[in-house]
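Welcome! Here are a few short exercises on reading a protein model, each with a worked solution. Have a look at the structure first, then try each task before reading on.

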Amino acid sequence: MASIAVLGAGRSAGYFIEYFVGLCREQNWKLKIADLNVDHLKHYQENFPLLELVSAELSKEEERETVISGCDWVVSLLPAFMHPDVAKNCLSAGCNLATASYVSDEMKVLGEQAAEKGLVFLNECGLDPGIDHMSAMKIMDELRTKGATITGFQSYCGGLIAPDYLQDNPWKYKFSWNPRNVILAGNGTSTGLKDGTMKVIPYQRNFQFPVKIQLHTGDEYDGYMNRDSLSYQSVYNLENLNTMIRGTLRYPGYCRAWNIFIHLGITDNSYLYPLKAGMTYQEFFHSFLNGNDHNDISASIKNTLGMPEYEQEAIDKIIWTGINSNELISIEEGSPAAILQELLEQKWKLEKEDKDLVVMQHLINYSLNGDEFTFRSSLSIQGDGSYNTAMSKTVGLPLAMAVKQFLFKTIDLKGIVVPIYPEIYNPVLTELEQYGICFIEETISEPVSESKPE
């Protein structure tokens with residue numbers, strides 16, 4: 001009898017838990033779900049005696065070890081920065097691990113140890129990364145089987161809010177996933193390949209010059225490069241490419257406004273800001289601006305940026321957040337990024353009636369029999385409310401379905417595994433279609449690529 005532990009039961013875990021409770025009940029597997037608060041899951045125990053709900057502070061190693069002990073698989077729905085510690089616990093306990101997060105350098109090392117022990121550390125198995133890997137590899141494997149040569153790959157994904165629920169929010173954005181990850185998005189240097197030339201984009205420029213991405217619907221978005229696209233050339237088995245870009249989508253105007261926060265230093269997470277009792281957001285904000293006279297806040301921002309012609313629309317978005325208000329900062333300590341997050345969690349809160357939107361697009365350029373083509377694959381999924389979100393659905397379901405394949409012992413892989421293999425992506429993509437997660441695919445006769453905004 002298989003025994004599985006799920007770490008984390010927040011709102012974004014809803015679809016995963018619903019699916020996995022049903023699966024374990026059907027297979028008569030033991031299932032343990034742990035989080036600080038699990039009361040909202042008690043109704044699952046009515047018809048499932050093998051379900052154990054554990055209230056635990058999972059940031060504490062001894063409590064994690066107690067939950068993990070005796071399990072065959074651990075699925076971590078915790079924040080990504082906790083996964084290396086969870087992986088170490090899994091190594092000690094001799095159990096397999098699954099997450100939806102990127103493979104960090106530390107996780108790679110731990111994955112080598114897992115392979116030596118015959119364990120699986122499944123990662124990058126959610127939305128982005130996850131479904132993007134699966135759908136792209138399926139397309140490229142099929143094209144290569146036909147004799148095609150892949151010459152360019154661009155993939156963009158965004159977790160957004162459905163247009164009908166944007167209301168008066170000028171950012172056209174709310175949190176549908178981990179706020180910390182949104183605040184720190186793009187942090188570091190992003191690398192890619194564009195038209196045969198390597199592109200290296202440092203953090204301070206990544207949001208300054210977004211590209212314009214048009215989906216099959218005709219809707220246009222801001223796109224920015226995300227992390228190290230070049231590393232996926234080897235993952236995807238792509239050689240001699242002209243273009244290799246993986247990026248993130250936002251509604252137009254978001255990136256230029258977010259760029260202000262970055263250049264002012266307010267997204268910095270590397271130090272504790274010297275907060276004082278009774279400090280206001282305005283005092284915090286003004287401490288990042290040049291000079292002491294900020295009666296004209298727009299002029300102060302432009303002066304500090306050293307960009308006198310910066311568009312007022314972007315500055316208005318900054319002011320709309322309330323960062324120039326006299327409201328008191330409610331946290332006692334934190335980095336500038338943490339203080340910004342605390343503010344935006346109030347302004348970008350997903351209300352009960354709100355519906356989120358997940359959009360994804362692959363553009364795959366290829367040559368076949370001397371002709372050039374572009375294959376476009378697009379996904380658009382709208383959520384059903386603030387609990388049953390599209391983000392929860394597209395992150396949780398592929399992870400659950402992939403773990404199921406390993407539990408059914410249909411896959412013989414060890415160590416670090418990402419879902420680029422047919423034995424993973426074929427059954428998962430097929431099953432996802434039953435949940436309405438389907439790609440619209442078309443071949444375009446002429447190459448299509450991104451363009452600079454006007």
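**Exercise 1.** Decide whether N28 is buried, partly exposed or exposed.

*Solution.* Start with the number: the relative accessibility of N28 is 44%. Next, recall the cut-offs: buried means under 20%, exposed means over 50%, and partly exposed lies in between. N28 therefore counts as partly exposed. Keep in mind that this is a predicted model, so the value is computed from predicted atoms.

**Exercise 2.** Find where N28 and K409 sit, and say what the sign of phi is in each.

*Solution.* Step one is to place N28: this residue is in the loop between α1 (14-27) and β2 (30-35). Its phi is near 60 degrees, which is positive although N28 is not a glycine. Step two is K409, in the loop between α14 (390-407) and β15 (415-417). Phi of K409 is near 60 degrees, again a positive value in a residue other than glycine. Step three is to ask why this deserves a note: most residues other than glycine have a negative phi. Finally, check the surface: K409 has 73% relative accessibility and so counts as exposed.

**Exercise 3.** Determine whether the peptide bond from D128 to P129 is cis or trans.

*Solution.* Look at omega for this bond, which is near 15 degrees. The peptide bond from D128 to P129 is cis. For background, most peptide bonds are trans. Now locate P129: the loop between β6 (120-122) and α5 (131-145) holds this residue.

**Exercise 4.** Identify which residues form a patch of negative charge on the surface, and which helix gives the largest share.

*Solution.* First, list the members: E61, E62, E65 and D85 gather in this patch. Then look for the main contributor, helix α2 (residues 61-68), which supplies 3 residues. Take E62 as a sample, since this residue lies in helix α2. With a relative accessibility of 49%, E62 counts as partly exposed.

**Exercise 5.** Work out which residues D72 touches, leaving out those up to four places away in sequence.

*Solution.* Begin with the location: D72 is in the loop between α2 and β4 (73-76). Its relative accessible area is 34%, so D72 is partly exposed. The partners touched by D72 are M1, A2, S3, C95 and N96. Now pick S3 and compare sequence with space: D72 and S3 are 69 residues apart in sequence, yet their C-alpha atoms are 5.3 Å apart.

Note on methods: Residues are numbered from 1 along each chain as its sequence is written. This is a predicted model: local features need pLDDT of at least 70, side-chain atom pairs count only at pLDDT 80 or more; totals for chains, interfaces and linings use all residues. Side-chain values use heavy atoms; hydrogens and water are left out. Patches are made of residues with over 30% relative accessible area and no salt bridge: like charges are joined within 9 Å, nonpolar side chains (Val, Leu, Ile, Met, Phe, Trp, Tyr) within 5 Å. Accessible areas come from the Shrake-Rupley method with a 1.4 Å probe; for residues, only the protein chains shown count as cover. A salt bridge is a side-chain nitrogen of Lys or Arg within 4 Å of a carboxyl oxygen of Asp or Glu. Lys and Arg count as positive and Asp and Glu as negative; His and the chain ends are not counted. The place of a charge is taken as NZ of Lys, CZ of Arg, CG of Asp or CD of Glu. Helices (H or I, at least four residues) and strands (E, at least two) are DSSP runs, numbered from the N terminus. Buried means under 20% relative accessible area, exposed over 50%, partly exposed in between (1.4 Å probe, protein chains only). Contact means heavy atoms within 4.5 Å.
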